[in-house]
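Me: I would like to go through this structure and ask how each label is earned. Please set the values against the rules as we go.

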Amino acid sequence: MPQLQVFYFFLVLMGIVALVCIWVALSTRQAGEVDTGAAYRLRKGFFIGLCSVFLVLLFITLPKVPYSAETSPPDRVVHVVGKQFAFALSDNPIATDREWEEGTYSKPVEVPAGAMVEFRVTSLDVNHGFSLYSPSGQLLSQTQAMPGYVNRLRAVLDERGRYAVLCLEMCGMDHHKMRAVLDVK
Ligand SMILES: [Cu+2]
């Protein structure tokens with residue numbers, strides 16, 4: 001479960017930060033001479049070290065960015081509209097409150113496995129967070145659902161099953177109830 005690994009990773013990271021804070025608090029109890037030259041050298045080394053680590057991580061992770069290049073038209077377009085407190089998914093554009101309501105009650109949109117799907121995501125009221133979860137509950141991709149603007153998100157969904165769409169932006173009292181489903185056949 002990647003979420004659990006991330007949780008433990010942050011727990012360890014927070015432990016290290018706490019230990020450093022305690023060490024700094026204890027070591028600066030007594031006022032003493034400050035060697036500014038050494039401090040600046042340390043800061044420079046830290047800066048260069050951090051930049052090197054980030055550069056390496058950038059080159060390792062950049063090819064794995066899950067957003068496909070938009071060089072060709074998608075196989076399928078799914079229109080997504082958020083509104084407090086549900087998402088409507090439809091094969092047809094949704095412009096009015098009525099169409100949105102129909103979209104939230106109609107049967108789930110189906111897309112073929114392995115097809116390049118383009119989600120056109122917008123909102124009828126406030127900002128929402130459109131996120132797509134695999135049938136096993138893993139977060140695959142996400143974008144913002146913004147009023148007056150359409151965000152396009154492309155994804156190839158290979159695994160067959162029922163995908164969940166959840167809101168990732170705190171949008172009001174019933175934010176946690178905002179969800180929809182998508183079937184990959
Ligand atoms: Cu929300």
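**Labels and reasons**

Reply: Start with Pro108, which has 13 C-beta neighbours inside 10 Å and therefore counts as partly exposed. The model is a predicted one.

Me: What makes 13 neighbours "partly exposed" for Pro108?

Reply: A residue is exposed at 12 or fewer and buried at 20 or more, with partly exposed in between. Pro108 has 13, so partly exposed is the label that applies. Pro108 sits in the loop between α3 (97-105) and β3.

Me: Which residues does Pro108 touch, leaving out those up to four places away in sequence?

Reply: Pro108 touches Val181, Leu182 and Asp183. A contact requires C-beta atoms within 7 Å. Val184 is 76 residues from Pro108 along the chain, and their C-alpha atoms are separated by 9.9 Å.

Me: Why is Phe7 called exposed?

Reply: Phe7 has 10 C-beta neighbours inside 10 Å, and exposed means 12 or fewer, so the label fits. Phe7 belongs to helix α1. From Phe7 to Val65 there are 58 residues in sequence and 22 Å in space, C-alpha to C-alpha.

Me: What makes helix α1 "hardly covered"?

Reply: The count of buried residues among the 26 residues of α1 is zero.

Me: How do you know that the length of α1 agrees with what is expected of a helix?

Reply: At 1.5 Å a residue, the 26 residues of α1 (residues 2-27) should span 38 Å. The end C-alpha atoms of α1 are 37 Å apart, so the two values agree.

Me: Why is strand β2 described as largely enclosed?

Reply: Strand β2 covers residues 86-90, and four of its five residues are buried, so the rest of the structure largely encloses β2.

Me: How do you know that β1 and β2 are paired?

Reply: Pairing requires at least two bridges, and five join β1 (residues 76-83) to β2, so the two strands count as paired. They run antiparallel. One of the bridge partnerships is between Val81 and Ala88 in β2. A hairpin of two residues connects β1 to β2.

Me: What is notable about the peptide bond between Gln84 and Phe85?

Reply: That bond is cis, with omega at about 0 degrees. Most peptide bonds are trans. Phe85 is in the loop between β1 and β2.

Me: Which residues touch the most other members of the largest nonpolar core?

Reply: The core has 27 residues, and those with the most contacts to other members are Val78, Val80, Phe87, Leu89, Val111 and Val165. Several strands each supply at least two core residues, including β1, β2, β3 (109-111) and β8 (161-167). The largest share, four residues, comes from β2.

Me: Which residues is Val165 in contact with, leaving aside neighbours within four places in sequence?

Reply: Among them are Phe87, Leu89, Phe130, Leu132, Ala180 and Leu182.

Me: Which residues make up the covered face of β9, and which the uncovered one?

Reply: Ala180, Leu182 and Val184 form the covered face, while Arg179, Val181 and Asp183 form the uncovered one.

Me: How do you know that β9 pairs with both β3 and β8?

Reply: Two bridges are enough for a pair, and β9 has three with β3 and six with β8, so both pairings count. The β3 pairing is parallel, and the β8 pairing is antiparallel. Val109 has Leu182 in β9 as its bridge partner, and Ala164 is opposite Val181 in β9.

Me: How does the radius of gyration of the protein chain stand against that of a compact globule?

Reply: A compact globule of 185 residues would have a radius near 16 Å, whereas the protein chain has 23 Å. The C-alpha atoms fill a box of roughly 70 × 40 × 30 Å along the principal axes. Buried residues make up 19% of the chain.

Me: What are the two domains, and how far apart are their centres?

Reply: Domain 1 takes residues 2-25 + 37-64, and domain 2 takes 76-184. The C-alpha centres of the two domains lie 35 Å apart.

Definitions and conventions: Residues are numbered from 1 along each chain as its sequence is written. This is a predicted model: local features need pLDDT of at least 70, side-chain atom pairs count only at pLDDT 80 or more; totals for chains, interfaces and linings use all residues. Domain bounds come from an automatic or database domain assignment. A nonpolar core is a set of buried Ala, Val, Leu, Ile, Met, Phe, Trp, Tyr and Cys residues joined through C-beta atoms within 7 Å. Two residues are in contact if their C-beta atoms, placed from the backbone, lie within 7 Å. The expected span of a helix is 1.5 Å times one less than its number of residues. The radius of gyration is taken over C-alpha atoms; the globule rule is 2.2 Å times the number of residues to the power 0.38.
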